[in-house]
Each structure stands twice: as C-alpha cells, then as structure tokens.
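Reader: I've got a model open and a pile of terms I don't trust yet. Can we go through what earns each label?

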Amino acid sequence: MAAKSYILDNGAYTAKVGHTDDETPKIIPNYIMKAKSERRRTFIGDQLSECRDKSGLYFMLGYQKGYLLNWDIQKTVWDYIFSKDCCKANFSEMPLIVTEPYFNFSTIQEGMTEIFFEEYEFQALLRTNAGNLSCYHYHHNNPSTKCCLVVESGYSFTHIVPYILQKKYKPGMLRINIGGKILTNHLKEVISYRQLHVMEETYVMNQCKEDLCFVSTDFDQDHKIAKMKWPKNTIVKDYILPDYTTVNRGLIRTLDETSNSRTVDKDQQVLRLNNERFMIPEILFHPSDIGIQQMGIPEAIVFSINLCPKETRPHLFNNIIVTGGNGCFPGMQERLTKEVRALAPDEFDVSVTVPKNPVTYAWSGGNLLSKDQEFNSLVVTKEEYDEEGFSACHRFDI
C-alpha cells in the first residue's frame, strides 16, 4: 500500500488540493481578495464565504499571464492551504505532487522546490504539469491507448499538448492566449457598454459567465434565434444580480418569470443576456473576434497533430481530452467534435472527451499516480535535495 500523498493542482485561478484518500479535492481560490464592505480584512482562498458583500471585490493574484510572479501572495495562499484550518496533515510524513505551468522558468521552479522542502517540510516532491496528470488519468481509464491530445483551457491560456507513449511531444505543443480571464473581461465590457456598468464586478460577472454562457453547436441558427422576439427567442435569459442580503449568487430567470412581480423584487438589478450567452465562449474558437490574431482551438488541434509523427496522428485524433474550466461550457464536446471532424482527414476517426468535471480531472490523475507502484521512483526525496540541492530535481519531466 502506497504512503498517503498530498496533491496540489496549483492553477492560476483555483488550487485543487487533497489527500490520496479523498475522492474529490477542495477547490480553493488561488488569490487574495479585498472587499469594499470590509476594507481592513483580506480574504484568502475559501474564506470568501465569510464576506458579507462580494460586490466590487478587488483580486490580488500570485499568477500573472500564466506564471507565478508574486511570491508574497502565492505564499499567503499556500500558508492557508497547508494550515490546519484547511487541511489536517503531517507533511513531514508524506510526499507532495504539485503542478506548474508548461516551460516554467527555472528560477520559479527553484523557489517552489525550496519552499516545499524547507518551509513546509514535505518528505518528497514531484513537480509536474497538469497535462501530465490528465494524460495519466486518461491512460488509466483507457490502457490500450498509445497517444492522446490534451486540450487544457484554463484561466490564462489554452494549451494543446500531444502525448505519445505518455510523454509530451514538445514540437507539437501550442499555446493560444485565450483563457477564462479574457472571456470574463470581455463579458464585463459588453455588458457595461450595453446595459449596466459592471467593470468592477469581476467576481459576479465570472459567476454570470459560468451560469449562463454556452458553446453554440450551430452558430448561424443560434444567431437567428437571438434576433427574434421573445417567446420565439429561446436563448434570451435574465440574470438577477445578487444583493448579498436575500440573494448571494445570481439567479437565472426567463422573461416570463421576470415580468411576474411576485417572482422578482422591483429593487433587484437585472441583466438581460441574449447573444452574449454564446458569443463570449465563441472567442475560444475565433480569437480574432477580439483582435487576437491566433488560431481557434479546432485549428490549433489539427495544426498540433500535423506537427507530430505520421504514425501517431490517427491515435491523436481519436483521443482528444479537454480539461480546465472552459471545458465546463455546455456544448463544448459537440462543437469541438464537429469542427475537428471537418478539418481532419476523412480516413481518421475523431473522438473528443470532456470529463464529467474538467476542473478536477488533473488532480484525480495525480491521485491515481500517487498510488502507482512506480510513484516512489518519480519523486525527489528530502535527503536527495539536502545532498544535491536543486540539481536533484532536474530529472523532472517539465
């Protein structure tokens, strides 16, 4: 029986944390927040639930443009994550699996390694990418597969990463500079221009995006429907903004329910979302819509696969796995399958998998890896680190 391990999928927006024995991780915001209503207090991680008024929240993130740059903020969040308030654990007796960005800077890697060994006193460490853990998870569920393509669409970026025999094929890796942050910011701009000034309401509008937005599987048809008047327009919905006295998270209403005075208080603020519901996620497929001259996800998938050895291409087209927060949009699997199928050679089968929970998929892969018989050979122990320093960690596949 493998020793208990601690798994930290350290994303730029949320950290997914837990032990080997946990079925699902805790999802903790990976940032510090300040609220207008309580100026003296800072909220770390899931302490935000104690905030009485979440309007006008000010976010301070350790990650900027996908990389860990503000160590003070990240260290504050880690102190909370590794505290008894969050997780009851004796770190001196367990190894840690922690994720880091692709092509991470060596100075950041060295800083992370030093903190985990010397400050938190973990007995062993495995630094890896979330994509590696997602690949392991996918291979664990599909042991006969030799290749898979991980599409990891998170907060800062979308990465397309081919794996051949469970190893990253670096010449085929691509990055699109579109993530959840840009989608939320664009939604704020559109709503502020059309209806109500919400540029300071990042937290609320991010929830609005998560609650209402979807990926269109037939863009032209949805666009025609959005032009119609209600009730023929089945896309338009009202979003009742939270007032943090009676409503703590925005509520979705049909126009019929909104017009009923018994259902909605006249004092509540209402946003009406129509074509915004599918136009915001459309940026993932057409970044040029907002001036980013890059390929959308379907073209990037095909381009990445064509950079891989010929014999691997049919396997990669048939084993595409989508992870990260943007994988949660309804319609993502159907739309990606449809568009990749149109771009792929006719003789290849195309299969796109969106897991039940794309956000925690990598963490679950780390949990499975920690129980693998070969796990102990992958980690760097505290003894090795004390003897060799950071050079002991150079064997990590990053």
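Author: Sure, let's begin with a strand pair: strand S15 (residues 237-240) and S17 run antiparallel and are joined by 4 bridges. Keep in mind that this is a predicted model, where local features need pLDDT of at least 70, side-chain atom pairs count only at pLDDT 80 or more, and totals for chains, interfaces and linings use all residues. Residues are numbered from 1 along each chain as its sequence is written, and side-chain values use heavy atoms, with hydrogens and water left out.

Reader: What makes S15 and S17 a pair?

Author: Two strands pair if DSSP finds at least two bridges between them. S15 and S17 have 4 bridges, so they qualify. Within the pair, Tyr239 stands opposite Leu271 in S17.

Reader: Which side chains of S17 are buried?

Author: Leu271 and Leu273, which point to one face; Val270 and Arg272 point to the other and are not buried. In a regular strand the side chains alternate between the two faces of the sheet.

Reader: Why is Phe116 called buried?

Author: Buried means under 20% relative accessible area (exposed is over 50%, partly exposed in between; 1.4 Å probe, protein chains only). Phe116 comes out at 1%, so it counts as buried. Phe82, at 8%, is buried too.

Reader: Why is the pair of Phe82 and Phe116 called edge-to-face?

Author: Rings of Phe, Tyr and Trp (its six-membered ring) pair if their centres lie within 6.5 Å; planes under 30 degrees apart count as stacked, over 60 as edge-to-face and the rest as tilted. The centres of Phe82 and Phe116 are 6.1 Å apart and the planes are at 85°, so edge-to-face is the label. Phe82 lies in the loop between helix H1 (71-81) and strand S9 (95-99) and Phe116 in helix H2, so the pair ties together parts 34 residues apart in sequence.

Reader: And how many aromatic pairs are there by this rule?

Author: The count comes to 15. One of them is Tyr6 with Phe122: 6.3 Å centre to centre and 35° between the planes, which makes it tilted. Ring pairs also link Tyr6, Trp78, Phe82, Phe116, Tyr120 and Phe122 into a cluster.

Reader: How do you know that the charged end of Arg175 sits over the ring of Phe157?

Author: The rule asks for NZ of Lys or CZ of Arg within 6 Å of the ring centre and within 35 degrees of the ring normal. For Arg175, the charged end is 4.0 Å from the centre of the Phe157 ring, and it is listed as sitting over that ring.

Note on methods:
Helices (H or I, at least four residues) and strands (E, at least two) are DSSP runs, numbered from the N terminus.
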